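Q: Could we go through this one together? I'd like to start from one residue and work outwards.

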Amino acid sequence: MRLEHFEAAINEKRAEMIHLGMTKGLQDEETIYCSQELDKLLNDYNRLLSDAKHTKSINHYVDLPSIFIQQLHRILSIQSRYFFIN
């Protein structure tokens, strides 16, 4: 399930839980079950976010050697007058 779908499902489940809590009470079995479903959605959503961030960081580090080489090339191509003070 994509992040947008999780966000929509979470908002729907939250609205349902609020409605159940206000009409049937917070201790009602149906309200508690709805709350548990919301918890599961939130946990799955957070897990998906965490995986996406982890993948992004891994991809970021994969590109590091090429970035380093580009920067090194740029530094070495700067005229030597910038490195020496007269």
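Q: Is lysine 13 buried or exposed?
A: This is a predicted model, and in it lysine 13 counts as buried, because its relative accessibility is 16% and the cut-off for buried is under 20%.

Q: Where is lysine 13 found?
A: Lysine 13 is found in helix H1.

Q: And which residues is lysine 13 in contact with, leaving aside its neighbours within four places in sequence?
A: With those neighbours set aside, lysine 13 is in contact with Cys34, Glu37, Leu38 and Leu41.

Q: Which residue forms a salt bridge with lysine 13?
A: Glutamate 37 does, and the closest N and O atoms of the pair are 2.7 Å apart. The pair links distant parts of the chain, since lysine 13 sits in helix H1 and glutamate 37 in helix H2, 24 residues apart.

Q: How does glutamate 37 count in terms of accessibility, buried or partly exposed?
A: Glutamate 37 has a relative accessibility of 26% and therefore counts as partly exposed, whereas its partner lysine 13 is buried.

Q: How many salt bridges does the structure hold?
A: The structure holds six salt bridges. One of them brings together the side chains of glutamate 30 and lysine 24, with an N to O distance of 2.4 Å. Glutamate 30 is partly exposed at 37% relative accessibility, and lysine 24 is also partly exposed, with a relative accessible area of 46%.

Q: What about lysine 40, which side chain does it meet in a salt bridge?
A: The side chain of lysine 40 meets that of aspartate 44, at 2.9 Å from N to O. Both residues lie in helix H2, four residues apart, which is about one turn of the helix. Lysine 40 is exposed, with a relative accessible area of 54%.

Q: Which residues are joined into one network by salt bridges that share partners?
A: Lys13, Glu16 and Glu37 are joined into one network in that way.

Q: Changing topic to the nonpolar side: which residues make up the largest nonpolar core?
A: The largest nonpolar core has five residues in all, namely Phe6, Ile10, Leu38, Leu41 and Tyr45. Helix H1 (3-24) and helix H2 (29-62) are the elements that give two or more residues to this core, and H2 gives the most, with three residues. As background, nonpolar side chains tend to be buried together in soluble globular proteins. Two of the core residues, Leu38 and Leu41, also appear among the contacts of lysine 13.

Q: Zooming out, what does the secondary structure of the chain come to?
A: The chain has three helices and zero strands, and from the N terminus on its elements run α-α-α.

Q: How much of the chain is buried, and how much area does it expose?
A: Buried residues make up 13% of the 86 residues in the chain. The chain exposes about 7,500 Å², of which carbon and sulfur atoms supply 59%.

Q: And what share of the contacts between residues at least 6 apart in sequence join residues at least 24 apart?
A: Among those contacts in the chain, 57% join residues at least 24 apart.

Q: Last thing, where is confidence lowest and where is it highest?
A: Confidence is lowest in helix H3 (residues 64-77), where the mean pLDDT is 60, and highest in H1, at 91. For the chain, the mean pLDDT is 76, and 60% of its residues reach 70 or more.

Technical notes. Residues numbered from 1 in each chain as written. Predicted model: local features only at pLDDT ≥ 70, side-chain atom pairs only at ≥ 80, totals over all residues. Heavy atoms only, no water. Buried < 20%, exposed > 50% of the residue type's maximum accessible area, 1.4 Å probe, protein only. Contact = heavy atoms within 4.5 Å. Areas by Shrake-Rupley, 256 points an atom, 1.4 Å probe, with all protein chains shown as cover. Core = buried A, V, L, I, M, F, W, Y, C linked by side-chain atoms within 4.5 Å. Salt bridge = Lys/Arg side-chain N within 4 Å of Asp/Glu carboxyl O. pLDDT = per-residue confidence, 0-100.
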